[in-house]
Amino acid sequence: MSSENKGQVEPFRRIITTHNQDDTDGSSVTIHDDLINLKPVLDGNAHMSPLYSSSGLPSINPHVISAQDIIGRMDEVKGVALPGGTNGQVTDVEPNFLIKMHRTSSIDYNIMIKGSAYLIVPDGKGGETKTLVKAGELVVQTGTVHAWEAGPEGARWVTVVIAALPVEIDCKDGTTLDDVDFK
C-alpha cells in the first residue's frame with residue numbers, strides 16, 4: 001500500500017469447503033472460491049471485511065453451505081465479535097495509520113500476513129509498550145485494551161475472533177471490563 005493508493009485495497013481470496021448437494025457419505029466435497037472486497041472504515045485509513053462466521057460454541061458444520069449461506073453469515077457480523085459465535089475477518093491498514101486504543105470481549109487470533117504493525121498496550125504507568133509484529137507472526141488478544149499502528153508499508157492481517165465474556169476484575173462484585181474505546 002502507498003499513500004497515493006489510499007482507498008484502493010486489493011481484494012482477499014476466500015476458499016470455503018462444503019459438501020456437494022448430492023453427497024450422502026461425506027466423500028463429495030466442493031469448493032467456494034471468491035474474492036472479497038474490503039469495506040472502508042476509519043475514514044478510509046483501514047478496510048475490513050468478515051470472511052465467515054458461525055453461531056454458537058461448539059459450532060455446527062452444516063452438510064451443505066451455499067453462497068447465500070455464506071453471505072448471510074457475513075451479514076450477521078455487526079462489529080468485530082459475533083455474540084455467541086466466531087468471526088473470521090481481514091483487516092488492511094494504510095501506512096503509519098494509528099487505530100486508537102480499544103477493547104472487545106473476545107479472544108482474537110491475529111495473524112499478520114503482509115507488512116507490519118506495532119501492537120500498542122498501556123503499561124499501567126501512564127505510558128505505552130510497542131511491539132513490532134511482522135508478516136508471519138501471531139498476536140493473541142485476550143480482552144485487553146490495545147491499539148495498532150501500521151508500519152511504513154501498511155499492514156494486512158487475518159483475525160479469528162471468538163466471542164468471550166468480558167474480563168472480570170479479581171473482585172467479588174462481578175465488575176467487568178466492557179467493550180470500550182479509549183481516548
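Two strands count as paired if DSSP finds at least two bridges between them. With that in hand, welcome to this predicted model. Strand S4 is a good place to start: it spans residues 46-55 and is joined by bridges to S3 and to S5. From there the tour moves to backbone features in the loops, then to helix H1, a nonpolar surface patch and the aromatic rings.

**Strand S4 and its partners**

- Seven of the 10 residues in S4 are buried, so this strand is largely enclosed by the rest of the structure. The cut-off behind that word is a relative accessible area under 20%.
- On one pairing, S4 runs antiparallel to strand S3 (residues 39-41), and three bridges join the two. For a specific contact to look up, Lys39 has Met48 in S4 as its bridge partner.
- Strand S5 (residues 85-93) is also antiparallel to S4, with nine bridges joining them. Here Ser49 stands opposite Val90 of S5.
- A general point may help when you inspect these strands: side chains in a regular strand alternate between the two faces of the sheet.

**Backbone features in the loops**

- The hairpin of S3 and S4 has four residues between its strands, and Leu42 takes a positive phi near 50 degrees there. Leu42 is not a glycine, yet its phi is positive at about 50 degrees.
- Leu42 belongs to the loop between S3 and S4. With 42% relative accessibility, Leu42 counts as partly exposed.
- Asn96 is another residue other than glycine with a positive phi, in this case near 60 degrees. You will find Asn96 in the loop between S5 and strand S6, which covers 98-103.
- The relative accessible area of Asn96 is 48%, so Asn96 is partly exposed; the exposed class takes values over 50%.
- A cis peptide bond runs from Leu57 to Pro58, where omega is near 0 degrees. Pro58 itself is placed in the loop between S4 and H1.

**Helix H1 and Asp69**

- Helix H1 covers residues 67-76, and Asp69 is part of it.
- Asp69 counts as partly exposed because its relative accessibility is 36%.
- Along the chain, Asp69 and Tyr52 are 17 residues apart; in space, their C-alpha atoms are separated by 9.8 Å.

**The nonpolar surface patch**

- Seen on the surface, Ile107, Tyr109, Ile111, Ile113, Leu138, Val140 and Val160 make a nonpolar patch of about 520 Å².
- Strand S7 (106-122) supplies at least two of the patch residues, and so does strand S9 (138-142). The largest share, four residues, comes from S7.
- Tyr109, one of the patch members, lies in strand S7. Its 34% relative accessibility means that Tyr109 counts as partly exposed. Patch residues need over 30% relative accessible area, a cut-off worth keeping beside the 34% given for Tyr109.

**Aromatic rings and charge**

- Searching the whole structure turns up one aromatic pair.
- Lys130 places its charged end over the ring of Tyr118, at 5.8 Å from the ring centre. The distance limit for a charge over a ring is within 6 Å of the ring centre, so you can set it against the 5.8 Å of Lys130 and Tyr118.

Key. Residues are numbered from 1 along each chain as its sequence is written. This is a predicted model: local features need pLDDT of at least 70, side-chain atom pairs count only at pLDDT 80 or more; totals for chains, interfaces and linings use all residues. Side-chain values use heavy atoms; hydrogens and water are left out. Patches are made of residues with over 30% relative accessible area and no salt bridge: like charges are joined within 9 Å, nonpolar side chains (Val, Leu, Ile, Met, Phe, Trp, Tyr) within 5 Å. Accessible areas come from the Shrake-Rupley method with a 1.4 Å probe; for residues, only the protein chains shown count as cover. A salt bridge is a side-chain nitrogen of Lys or Arg within 4 Å of a carboxyl oxygen of Asp or Glu. Buried means under 20% relative accessible area, exposed over 50%, partly exposed in between (1.4 Å probe, protein chains only). Rings of Phe, Tyr and Trp (its six-membered ring) pair if their centres lie within 6.5 Å; planes under 30 degrees apart count as stacked, over 60 as edge-to-face and the rest as tilted. A charge sits over a ring if NZ of Lys or CZ of Arg is within 6 Å of the ring centre and within 35 degrees of the ring normal.
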